[in-house]
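Work through the following exercises with the sequence and the coordinates open beside you. Each one gives a task and then a solution that proceeds step by step.

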Amino acid sequence: MHNAIKFSHPNSEIVVKLTNKGTLTIKDTGIGISKSELPHIFERFYKVDSSRTFDIDTGSGLGLAIVKKTVDKNGWKIKVKSEKDKETQFIIQF
Ligand SMILES: Nc1ncnc2c1ncn2[C@@H]1O[C@H](COP(=O)(O)OP(=O)(O)OP(=O)(O)O)[C@@H](O)[C@H]1O
Ligand SMILES: [Mg+2]
């Protein structure tokens, strides 16, 4: 959720949806992630070019690595769909 805030345009809408099938979706219409960068975002300390961020606090590149570890440890699933300069969606299946 913090990523959705950091990497999207001020005043844009972020949608967080939890279904009773155990699916959590966080969708933003921000800077997006390119196809070539997508495979790396769950690596520790990986950050896409910080000059593209709208927020000064760009972070350390650890958030998604921790999310992925938590997801794996619990046997959940995580998926990401993104289009550069358009939108990003993280879907966690509990
Ligand atoms: N919703 C998003 N939209 C665009 N890019 C994203 C999004 N979420 C993650 N990214 C990209 O993936 C990188 C890794 O994300 P991650 O959450 O691990 O690190 P961070 O947010 O930079 O730092 P931290 O979470 O440790 O504060 C980010 O730096 C950013 O480049
Ligand atoms: Mg983060």
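For sorting a shell by class, Ala, Val, Leu, Ile, Met, Phe, Trp, Tyr, Cys and Pro count as nonpolar, Asp, Glu, Lys and Arg as charged, and the others, Gly among them, as polar. The model used throughout is a predicted one.

**Exercise 1.** Describe the shell around ligand 1 by class and by the elements that supply it.

Solution. Begin with the count: ligand 1 is surrounded by 20 residues, and the closest are Asn 3, Lys 6, Gly 61, Leu 62 and Leu 64. Next, sort the shell by class, which gives nine nonpolar, eight polar and three charged residues. Finally, turn to the elements: at least two residues of the shell come from each of α1 (2-6), α2 and β4.

**Exercise 2.** Find polar contacts of ligand 1 with Asp 28, Ser 60 and Leu 64, and state how much of the ligand's area the protein covers.

Solution. Take the side chains before the backbone. In Asp 28, a side-chain N or O atom is 2.9 Å from a nitrogen atom of ligand 1, while a polar side-chain atom of Ser 60 lies 3.0 Å from an oxygen atom of the ligand. For Leu 64 the partner is a backbone N or O atom, which lies 2.8 Å from an oxygen atom of ligand 1. As for area, ligand 1 has 600 Å² of accessible area on its own, and the protein covers 92% of this.

**Exercise 3.** Classify the two aromatic pairs of the structure by geometry, and locate their members along the chain.

Solution. For Phe 42 and Phe 90, the ring centres are 6.4 Å apart and the planes stand at 90 degrees, so this pair is edge-to-face. Because Phe 42 belongs to the loop between β2 (23-28) and α2 (63-74) whereas Phe 90 sits in strand β4 (residues 87-93), the pair ties together parts that are 48 residues apart in sequence. With a relative accessibility of 13%, Phe 90 counts as buried.

For Trp 76 and Phe 94, the centres are 4.8 Å apart with planes at 85 degrees, and therefore this pair is edge-to-face. Trp 76 is in the loop between α2 and β3 (77-83) and Phe 94 in the segment after β4, so that the pair links distant parts of the chain, 18 residues apart. Trp 76 is partly exposed at 27% relative accessible area, and Phe 94, at 43%, also counts as partly exposed.

**Exercise 4.** Is Ser 8 buried or exposed, and which backbone oxygen does its side chain reach?

Solution. First place Ser 8, which is in the loop between α1 and β1 (14-18). Its relative accessibility is 4%, and because buried means under 20%, Ser 8 counts as buried. The side chain of Ser 8 reaches the backbone oxygen of Ala 4 at 2.5 Å.

How values were computed: Residues are numbered from 1 along each chain as its sequence is written. Chains are lettered from A and ligands numbered from 1 in the order in which they are written. This is a predicted model: local features need pLDDT of at least 70, side-chain atom pairs count only at pLDDT 80 or more; totals for chains, interfaces and linings use all residues. Side-chain values use heavy atoms; hydrogens and water are left out. Rings of Phe, Tyr and Trp (its six-membered ring) pair if their centres lie within 6.5 Å; planes under 30 degrees apart count as stacked, over 60 as edge-to-face and the rest as tilted. Helices (H or I, at least four residues) and strands (E, at least two) are DSSP runs, numbered from the N terminus. Buried means under 20% relative accessible area, exposed over 50%, partly exposed in between (1.4 Å probe, protein chains only). A residue is near a molecule or strand if one of its heavy atoms lies within 4 Å of it. A polar contact is a pair of N or O atoms within 3.5 Å; within protein, one must be able to donate a hydrogen and the other to accept it, and residues adjacent in sequence count only if both atoms are side-chain atoms. Accessible areas come from the Shrake-Rupley method with a 1.4 Å probe; for residues, only the protein chains shown count as cover.
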